[in-house]
Each structure stands twice: as structure tokens, then as C-alpha cells.
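Grab a pencil and keep the viewer open. The exercises below go through a structure step by step, each with a worked solution.

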Amino acid sequence: MIVELGAFALILALVLSALQTGLAMAGRLRRSPVLAGAAEGAAIAGAVAVALAFAVLIWAFAVSDFSVSNVAANSHTDKPMLYKISGAWGSHEGSLVLWCLVLTGFGAVLARARGLPFGLKVSAIATQGALGVMFLAFTVFTSNPFVRLNPAPFQGNSLNPLLQDPALAVHPPLLYLGYVGLSVCFSLAVAALIEGRANSSFWPAWGRWIRPWALASWAFLTTGITLGAFWAYYELGWGGWWFWDPVENASFMPWLAATALLHSAVVTERRGALVGWTAFLALLAFTLSILGAFIVRSGVPTSVHAFAVDPERGMVLLAILAVASGAAFALFAWRAPQLKGGGMFAPVSREGALVLNNVFLTASCATVMLGTLYPLILEAADGATISVGPPYFALTFVPLMVAALLILPAGPLLAWKRGDLKGVGQRLALAAGLAILMALLGWMAFEPKKALSAAGIGLGAWLIFGTLAEVAERLRLFRAPFAETLRRARSLPLGAWGTTLAHAGLGVFVLGAVVETGYRVEAARALAPGQMIEAGKWAVRLDSVRVVEGPNYLAEQGRLTVTLRDGSAPTAVIAERRFFPTGGQTTTEVGLDFRGLDDVYVVLGERVRNEAGDPAWTVRVWWNPWARLIFLGPAIMALGGLLSLLDRRLRIGVSRRKRTA
Amino acid sequence: MNWLPKSPKARRRLWVVAIVAPVLALAVGLSLYAMRDNVTFFFSPSETTDEDAPVGRVIRLGGLVEAGSVVHGANGEVAFAVTDNAATTRIVFHGDLPDLFREGQGVVTQGAFLPDRSFRATQVLAKHDENYMPREVADRLKSKGEWRPESDAPATGAATL
């Protein structure tokens with residue numbers, strides 16, 4: 001009964017979304033606040049209905065109602081409660097409901113937003129409703145999670161064990177908040193293209209409205225992608241964290257577009273310029289989100305980690321992509337020539353630097369897209385099956401990004417309208433010197449000597465010191481009395497702190513990525529208990545292996561000791577090889593020994609026989625120097641995004657209410 | 001700088017082009033250059049002729065892991081055979097096989113041929129899905145009429161029974 005309620009709520013949400021679109025369009029045409037208000041109500045009711053459906057789905061998973069085919073296919077009574085619940089969004093159907101929930105939920109927030117002009121808001125609500133109709137119809141008609149099984153099985157098939165992991169329980173919701181958050185930017189861009197006025201005060205305001213959405217989506221995407229990378233790092237046991245796999249690129253492309261959007265929206269807000277470009281990026285970012293969903297779900301590009309794959313239903317996503325983005329870009333092509341932003345600008349200025357940032361970000365996004373889609377294009381064209389591997393991305397994406405990062409610290413130091421390049425150079429001289437010093441130190445400290453990796457360390461340091469130089473400049477650190485600096489620090493807007501954190505966090509990430517990639521040491525050997533393996537300065541001894549029983553798996557649990565090569569500083573680590581009888585799958589639980597910024601990463605492999613014929617286990621050890629920074633950096637970046645979001649200047653409704661109070 | 005256009009609008013456009021063009025040229029150039037050398041072609045064992053897959057060129061080789069062919073050597077070296085039921089290639093791999101590697105299942109390996117026409121794999125790819133059948137492998141088997149989706153372990157069902 002409750003399950004039927006969920007199915008009903010989902011259909012109701014579809015009807016409400018259709019109603020939302022219709023009412024909003026009628027309200028816009030007749031300029032009727034009553035109809036528009038009804039559309040807002042439909043948007044909120046739709047979100048409530050999807051939330052109800054999602055709650056019912058979670059309930060069905062929590063109580064293991066195997067009469068629901070989705071539950072039977074993805075759950076099991078032995079599964080821990082956390083993974084029963086996360087199983088609700090672990091499959092194609094469930095994750096689509098989550099997608100719809102975020103879509104309608106943000107639509108409801110948009111409906112409640114204050115301070116937007118009537119026409120813009122109503123058009124955006126209509127667009128958001130139309131997106132809701134497409135995705136809800138897709139869910140209800142092709143991927144309904146509430147389909148019953150008759151007779152109901154006694155036991156379910158369980159969730160893929162690799163997905164039974166805390167990081168992966170929260171990874172999809174965060175990622176979807178980012179992906180689908182971009183739908184609001186999309187709707188606001190479509191609305192602006194419909195309403196777009198030549199008057200110059202409209203566009204700066206529009207830039208201000210779109211920014212919080214872009215910022216929030218970007219912060220969620222950053223966190224979601226990082227969690228995914230971290231999961232791949234410790235759960236797959238391959239020693240790496242990014243493989244340039246199509247599925248990874250699928251989430252990375254919207255991130256790059258959202259990053260570009262974030263920066264160009266600032267120019268639109270402050271200078272009323274780049275109007276068409278910002279609108280284009282807003283359309284592009286959500287288009288890439290849908291493309292990402294297609295890549296992940298269709299299974300068309302060969303990926304090492306694709307879940308919830310179903311080619312036929314993937315094609316429906318391609319159709320949604322064609323309709324939604326096709327219509328939006330057609331609208332763009334029609335209206336863009338009529339858009340008139342303000343804006344004259346000099347090449348050497350803050351806006352000039354932001355344009356350069358956008359050019360680099362979109363160019364690198366394009367190279368990632370080419371590398372991801374080229375195998376598909378070639379296969380369609382002449383049937384050859386190819387794969388584009390990490391070397392391609394190292395040769396294309398990395399140089400473009402390096403160029404972008406080299407100019408990054410100069411951007412925030414340049415003034416709007418007319419920057420002073422010489423002054424910026426003087427203010428960054430110290431940072432540049434420190435960065436070069438760091439590169440030299442890095443070159444001396446790490447073995448083997450690698451010039452490129454040392455230069456990469458310099459680049460990371462340049463980002464961090466360059467960003468700090470900008471804050472120091474603003475606070476007049478060491479040049480004014482300390483009390484003055486403190487006073488300035490307090491009055492510095494949160495948005496400025498957010499920018500600083502995001503840029504410095506990027507530098508932290510670069511340091512981690514460069515050092516880990518350049519200097520990681522890998523070793524493998526078949527070890528009998530008591531034997532050792534060495535990797536760089538570390539030695540790992542296999543102490544014992546025993547069989548342990550988990551809630552829904554059996555595991556060979558290896559107890560190992562990590563020490564320095566001279567035997568000092570021992571730490572115990574546990575690495576497991578788990579066998580899940582349901583589904584018959586084996587997974588790896590990596591043993592991670594956190595050593596300051598470094599990881600000693602231990603994988604217990606298959607049981608074999610060693611040279612003497614005794615039972616032994618293949619033990620694989622990685623020494624990943626500075627690996628901690630790879631995940632710390634993006635966390636700092638996301639925190640920067642959060643700080644910027646809290647900036648009062650970005651919150652239109654709040655400041656207005658404050659003024660009346 | 002009197003060669004600059006007079007109107008501010010045209011001047012801005014010129015600047016934008018001046019910024020965008022080099023970056024675009026760089027991106028296109030890098031992509032073309034990288035595409036030339038870093039694209040890996042996929043083959044099934046019966047397609048790996050000397051001309052198409054010469055010794056030393058990095059390719060992807062995929063097929064079904066032949067039942068009973070997996071031999072674990074000392075020091076983590078694994079040898080196995082991959083077949084498309086028309087031809088079989090012997091593969092040597094040094095390292096840990098993916099958790100989902102099983103006899104009778106589809107597998108994609110990356111590496112290069114040695115002079116003795118055995119294949120040295122540097123990477124063995126497997127997906128996180130227990131129903132995994134690499135799409136390329138499935139396509140090749142279908143085109144050869146060797147695709148038997150009804151059995152769990154295609155083509156080796158008979159061999160193991």
C-alpha cells in the first residue's frame with residue numbers, strides 16, 4: 001500500500017510539473033500574478049510529492065520489501081542499515097528519483113526566491129517545470145522504481161559490494177546536488193534569453209541572481225567528485241585516484257563549465273559585460289550534466305566504472321539532451337545577437353583576466369570532451385574501436401591548465417576596468433621567488449630527480465603564495481599596525497575570503513597531485529606470514545592472515561606492520577579481501593597508513609604459493625607521498641565556495657528584508 | 001598604435017580574438033598531436049596480425065579468459081589465455097588481477113606483443129559489475145557468431161562441465 005502511495009506521488013509530481021509549466025507560461029503571457037503564484041505553488045507541491053516518493057522508496061529498502069522489484073534487485077536482508085538506505089539511490093531507477101528530487105527541490109527554492117523581476121522568475125519556473133516533466137516522465141514511464149514483483153522473492157540480489165561504502169553512500173547525493181543545481185542556472189539563462197532586455201541594469205542583476213546557484217552547484221560538484229575520487233582510491237585498490245575514465249570525465253566536464261560560469265558571472269555582475277557568454281556557459285553547464293548522465297548510464301563509452309548501465313534507457317537521456325539543450329541553444333542562437341550588455345574593457349584588467357580564465361577553462365573542457373567522445377565518433381564513423389588513455393589528457397588538458405594556473409594569482413590583484421600590470425608584478429615578486437625556491441627545494445628533496453615534477457611543486461606553491469600575497473595586500477599585513485590589519489580582516493567580505501580559500505585550495509591540490517603522481521613508489525611480492533616487502537623508505541611485514549566474518553561477507557583479513565626501513569616507527573594496518581556470497585563478488589579493502597601527508601597503501605591480493613611452496617599472499621604496497629593534499633585541497637576549495645555563499649552581498653532576498661526591518 | 005580600429009567596440013572584439021585565438025590554436029594543436037600517438041586500438045585475438053599489431057605497439061586486446069588457462073607464477077606473475085573462439089593469445093601479466101577477473105569471463109588487457117607473439121599486458125581492466133562483459137568483447141563475439149548470452153560464462157560452459 002505504502003509503495004503504491006510512492007508510485008502515485010511520483011505520477012502526481014509529473015502532473016504537477018506539467019501544471020507548473022502550463023500555469024507559468026499562461027501567467028507570463030497574461031502577466032497574471034495569480035497564475036504565476038499558482039505555478040509557484042505547483043512547483044512546491046511537486047517537490048513535496050517527489051520527496052514523498054523518495055521517502056517511500058527509502059522505506060521500502062529499509063524494511064526490505066522484496067515485492068518491489070527494484071528492492072529485490074538491489075538489496076538484501078543481511079546488508080547493514082546504512083547500505084540498505086543508500087541502496088535506494090544505488091540503482092538506475094532510484095538514482096533517477098534522487099535526480100528528480102533535486103531538480104524539483106531546487107525548483108521549489110526558485111519559486112520561493114524573492115527579488116527577481118516578474119517575467120524572469122515566471123519564465124525560469126516554466127523552464128524548470130519543463131525539465132521536471134522530461135525527467136519525471138523518463139522515471140515514471142521507463143524507470144519506475146515502484147514496479148512490483150509477483151511472486152515476491154524471499155531474498156534480494158544485494159547491492160554491488162563496491163558500492164557498500166560510506167563515501168559512496170553520500171557521493172551520489174552530493175554529485176546530484178551539483179549536477180542538477182546547474183539546472184537552475186540553465187532555467188535562469190533560458191528565462192533571461194526570453195526576457196533579455198537591452199537596458200543595462202538588467203544584466204548585472206541577472207549575474208547576481210545566477211551566481212549563488214552556480215557557486216552552490218560548483219561547491220557540491222567539487223565535494224562530490226572528490227569523494228568519488230577518494231572512494232576509487234581506497235576501495236578499488238589500484239593505487240590511483242583519477243584514471244581519465246569516461247565516467248570520471250563525465251563529472252569533470254560540468255565542473256569545468258561551472259567553474260568558468262562562476263567567473264564569467266562575476267564579470268556580468270560587476271561590469272554588465274560578457275552577457276551572451278555567461279548565458280551560453282549556463283546552458284552548457286547543465287547540458288554537460290545531462291551528457292554526463294548519458295555517458296554514465298548508457299554504457300556506450302567503455303568505462304571501468306559504470307553503474308546502473310542500460311543502453312536503451314540511456315538513449316532516452318540522449319533524447320532529453322537533444323530536446324532540452326537543442327531548444328535552449330536554438331533560443332540562444334536566435335536571441336544572443338540582440339543581447340546588449342554594457343561593457344567596454346581593457347585587456348589588462350580584472351575582467352580581462354577573467355576572460356582569459358574562461359578561455360582556458362572552456363578550451364580544456366573541450367579537450368576533455370574530445371578525448372571522451374572521440375572513441376564514440378570514430379566507432380560510429382569507421383567501426384574501429386579505440387580508447388583514449390591518460391597520456392592524451394596529460395598532453396592536452398595539463399598544459400592548458402598549467403597556463404591558466406600561471407596567470408591565476410594575477411587576476412584578483414588586477415583592478416577592474418584598468419589594471420596595472422607593473423604593480424601586480426611587484427606585489428607578486430615575493431610569491432614568485434618563494435615558488436621558485438619551493439621548486440628548487442622539491443627538486444633536491446625528492447628522489448628520483450624529476451624536473452617537471454619539481455616545476456609542478458613550484459606551480460602549486462605559486463598558487464598558494466600568490467593567493468596569500470593578495471590577501472596580505474588587502475589587509476596591509478606587516479605594513480600597517482596589527483590592529484589595522486585585524487580591522488581590515490574583519491571588514492573583508494566573506495566572498496573575498498572564499499575566493500582566497502578556493503584558489504589556495506587549488507594550489508594545495510596541485511601540490512598533492514604533482515608529488516603523488518611524480519614520486520609514488522610501488523612494490524609487489526608474494527609474502528608468507530612473517531615476510532617483508534619494501535617500498536621506498538617503508539617496509540611492510542605481513543604478520544598474519546585470518547578469516548573473519550562480516551555482516552554479509554567473508555574476508556581474509558591481513559594484519560600487517562608498516563615501519564621505516566630500519567624497523568622504527570611501526571604502525572599496524574589491516575587490509576582485507578572480502579568475498580560476498582550474494583553475487584559472488586570479491587572486493588578489496590585497502591589498508592591505509594596515514595604518515596603525515598603521505599599514505600602507505602597496502603593491498604592484500606590473492607592467495608598463492610611462494611617460492612618455498614608455502615601459502616602466501618600477493619601483497620602490493622604503494623608509497624603515495626603527499627596524497628593527503630589531493631583530497632584536502634578540494635575540501636578547502638569547497639569550503640571557499642561555502643564562505644562565498646554566506647556572503648550577504650550575494651543574498652538578494654536577505655539584504656532586501658534587512659533594509660525594510 | 002594607430003593600426004588599432006577606431007571604434008571601441010571593434011577594438012574590444014579585436015582584443016577578444018587576440019586572446020582567444022592563440023589558446024584555441026594551442027588546444028587544437030595539442031589535441032591533434034596527442035591523438036596521433038596516444039590512441040589505443042582494440043583487437044580480439046583473431047585480428048592481431050603482424051601488420052595491425054606489430055611487436056611493441058601498445059594495443060588493447062580483449063576476449064574471454066580461457067577456462068583452465070590461468071597460471072600463477074612466482075612473484076605475482078600471472079599467465080592466462082584470451083580467446084575469441086577463433087584464435088587464442090597467451091598473455092603474461094605482472095601484477096594483481098582485478099577482483100572480478102575470472103575464467104570464462106570477458107576481459108580487456110592493455111599492453112604490447114613480445115617478439116615471440118605472446119602478449120605482455122601492463123594493465124588488466126575489469127569493471128565493478130559482476131555482470132561485466134566488456135562491450136568490445138561482446139561486439140566481436142557477436143560479429144563472429146560466438147555470442148551466447150544465455151549462459152553465464154559464454155563459450156566456456158562446455159569446457160568446465
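**Exercise 1: the end of a helix**

With 10 C-beta neighbours inside 10 Å, Leu29(A) counts as exposed. Keep in mind that you're looking at a predicted model. Your task: place Leu29(A) in its element and find how far its C-alpha atom is from that of Gly383(A).

Solution. Start with the element: Leu29(A) sits in helix 1 of chain A, residues 2-30. Next, the exposure: the cut-off for exposed is 12 or fewer neighbours, and Leu29(A) has 10, so it counts as exposed. Last, the distance: Leu29(A) and Gly383(A) are 354 residues apart along the chain, and their C-alpha atoms are separated by 50 Å.

**Exercise 2: helix 2 against helix 5**

Describe how helix 2 and helix 5 of chain A pack: at what angle do they cross, and with which handedness?

Solution.
- Begin with the geometry. The axes of helix 2 (residues 33-62) and helix 5 (residues 92-112) of chain A come within 8 Å, crossing at roughly 150 degrees.
- Turn the angle into a direction. Angles over 145 degrees count as roughly antiparallel, and that crossing makes helix 2 of chain A roughly antiparallel to helix 5 of chain A.
- Add the hand: helix 2 of chain A passes helix 5 of chain A in a left-handed crossing.
- Now pick out the residues. On helix 2 of chain A the contact includes Glu40(A), Ala43(A), Gly46(A), Ala47(A) and Phe54(A). On helix 5 of chain A, Gly94(A), Leu98(A), Leu101(A), Gly105(A) and Ala108(A) are among them.
- Finally, sort the contact of helix 2 with helix 5 of chain A by character: 14 residues are nonpolar, five polar and one charged.

**Exercise 3: helix 2 against helix 6**

Do the job again for helix 2 and helix 6 of chain A: what is the angle, and how far apart are the axes?

Solution.
- The angle is about 35 degrees, and the axes of helix 2 and helix 6 of chain A are 10 Å apart.
- The crossing of these two helices of chain A is left-handed.
- From helix 2 of chain A come Ala36(A), Ala39(A), Glu40(A), Ala43(A) and Gly46(A); they meet Phe118(A), Val122(A), Ile125(A), Gly129(A) and Gly132(A) of helix 6 of chain A.
- In this contact of helix 2 with helix 6 of chain A, six residues are nonpolar, three polar and one charged.
- Round off with helix 6 of chain A by itself. Its 25 residues reach 36 Å from first C-alpha to last, close to the 36 Å expected at 1.5 Å a residue. Helix 6 of chain A is also mostly covered, with 19 of its 25 residues buried.

**Exercise 4: backbone oddities**

Most residues other than glycine have a negative phi, and most peptide bonds are trans. Hunt down some exceptions: where do Pro151(A), Pro448(A), Arg476(A) and Arg117(B) lie?

Solution. Take the cis bonds to begin with. One joins Asn150(A) and Pro151(A), with omega about 0 degrees; Pro151(A) lies in the loop between helix 6 (118-142) and helix 7 (166-195) of chain A. Another joins Glu447(A) and Pro448(A), with omega about -5 degrees, and Pro448(A) is in the loop between helix 15 (421-445) and helix 16 (451-475) of chain A.

On to positive phi. Arg476(A) has phi near 50 degrees and lies in the loop between helix 16 and helix 17 (482-491) of chain A. Arg117(B) has phi near 60 degrees and lies in the loop between strand 6 (106-113) and strand 7 (119-125) of chain B. Now check exposure: Arg476(A) counts as exposed because it has 12 C-beta neighbours inside 10 Å. Arg117(B) counts as exposed because it has 12 C-beta neighbours inside 10 Å.

**Exercise 5: chain B and its long reach**

Which helices of chain A do the buried residues of helix 1 of chain B pack against?

Solution. Set the scene: chain B has three helices and seven strands, running α-β-β-β-β-β-β-β-α-α from the N terminus. Of its 161 residues, 34% count as buried. In helix 1 of chain B, the buried ones are Ala27(B), Leu30(B), Ser31(B) and Ala34(B). The buried residues of this helix of chain B pack against helix 12 (350-382) and helix 13 (390-407) of chain A.

Note on methods. Residues are numbered from 1 along each chain as its sequence is written. Chains are lettered from A and ligands numbered from 1 in the order in which they are written. This is a predicted model: local features need pLDDT of at least 70, side-chain atom pairs count only at pLDDT 80 or more; totals for chains, interfaces and linings use all residues. Axes are lines fitted to C-alpha atoms, for helices over the stretch in contact, and angles run from 0 to 180 degrees between N-to-C directions. Helices (H or I, at least four residues) and strands (E, at least two) are DSSP runs, numbered from the N terminus. Angles under 35 degrees count as roughly parallel, over 145 as roughly antiparallel, 65 to 115 as roughly perpendicular and the rest as oblique. A crossing is left-handed if the near helix is turned anticlockwise from the far one by less than a right angle, and right-handed if clockwise. Two residues are in contact if their C-beta atoms, placed from the backbone, lie within 7 Å. Ala, Val, Leu, Ile, Met, Phe, Trp, Tyr, Cys and Pro count as nonpolar, Asp, Glu, Lys and Arg as charged, and the others, Gly among them, as polar. A residue is buried if 20 or more other C-beta atoms lie within 10 Å of its own, exposed if 12 or fewer, and partly exposed in between; C-beta atoms are placed from the backbone. The expected span of a helix is 1.5 Å times one less than its number of residues.
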